[in-house]
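This report describes how one helix is placed within a protein fold and what surrounds it. Please consult the sequence and the structure while reading.

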Amino acid sequence: MTEQGFSSKRTAEIAGITYRQLDYWARKDIVRPSLTKASGSGSRRLYSYRDLLELRVVKTLLDSGIKLQQVRKGLDYLRDQLGEDVTSASLVISGTSSVVVNDGEELIEILQNGQGVLNVLPLGGVKDAVDGLIVDLFPEAGVIGGSDAAAAN
């Protein structure tokens, strides 16, 4: 089944950001809509479920005090390290470097051996939060995640 996607309005609501932020992040190539990109004035963008997860990760990183330029680098790093599922690990940010941690033992080792850890961001809860918001905000959307995502109204 083909994914129908989420409109910009729904995407912003689910991600917990403003439409202006969503538009800015798309124009700055932080998270662009992967289903339908803007193609001129009045065109509709469509975001995938994966885009929602990435947007929520960006918001989580910004809310933890990380600057947008560092967020872009962190998200790129997560994409490179984790591929499709940017919410499956924790991200440890120390100064200008980032490390993806896939399990609790790795995290403990990094924290014991590392100096100056700025932030440890567990991203596993992002998927649950997005799923919950989709159900709460749009109960008519049906099955969430993967290829059976919500309709684009």
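In this predicted model, the buried residues of helix α2 pack against four elements: α1 (8-15), β2 (46-47), α3 (49-63) and α4 (68-82). Helix α2 itself spans residues 19-27, and its buried residues are L22, D23, W25 and A26. Viewed along the axis of α2, these buried residues lie within an arc of 165°, so they line one face of the helix. The face turned away from the buried side of α2 bears R20 and R27, both of which are exposed. Just beyond the end of α2, D29 adopts a positive phi of about 60°.

One of the buried residues of α2, D23, has a polar partner outside the helix. The side chain of D23 makes a polar contact with the side chain of R45, at 2.9 Å. R45 belongs to the loop that joins α2 and β2. Is R45 buried or exposed? Its relative accessible area is 12%, and R45 therefore counts as buried, since the term applies to values under 20%.

The nonpolar interior gives the wider setting of α2. The largest nonpolar core contains 28 residues, and L55 and V130 have the most contacts inside it. At least two residues of this core come from each of α1, α2, α3, α4 and α6 (124-137). The largest share, seven residues, is supplied by α3. Leaving aside residues up to four places away in sequence, V130 touches I14, Y49, L52, L53 and R56.

Turning to the whole chain, the protein has six helices and five strands. Along the sequence these elements follow the pattern β-α-α-β-α-α-β-β-α-β-α. Overall values for the protein are collected below.

| Property of the protein | Value |
|---|---|
| Buried share of the 153 residues | 39% |
| Share of contacts with a separation of 6 or more that join residues 24 or more positions apart | 61% |
| Exposed area | about 8,300 Å² |
| Share of the exposed area supplied by carbon and sulfur atoms | 48% |

In summary, α2 directs its buried residues towards α1, β2, α3 and α4, while R20 and R27 are exposed on the face turned away from them. The contact between the side chains of R45 and D23 links the loop between α2 and β2 to a buried position of α2.

Terms used. Residues are numbered from 1 along each chain as its sequence is written. This is a predicted model: local features need pLDDT of at least 70, side-chain atom pairs count only at pLDDT 80 or more; totals for chains, interfaces and linings use all residues. Side-chain values use heavy atoms; hydrogens and water are left out. Buried means under 20% relative accessible area, exposed over 50%, partly exposed in between (1.4 Å probe, protein chains only). The arc is that of the directions from the helix axis to the C-beta atoms. Contact means heavy atoms within 4.5 Å. A polar contact is a pair of N or O atoms within 3.5 Å; within protein, one must be able to donate a hydrogen and the other to accept it, and residues adjacent in sequence count only if both atoms are side-chain atoms. A nonpolar core is a set of buried Ala, Val, Leu, Ile, Met, Phe, Trp, Tyr and Cys residues joined through side-chain atoms within 4.5 Å. Accessible areas come from the Shrake-Rupley method with a 1.4 Å probe; for residues, only the protein chains shown count as cover.
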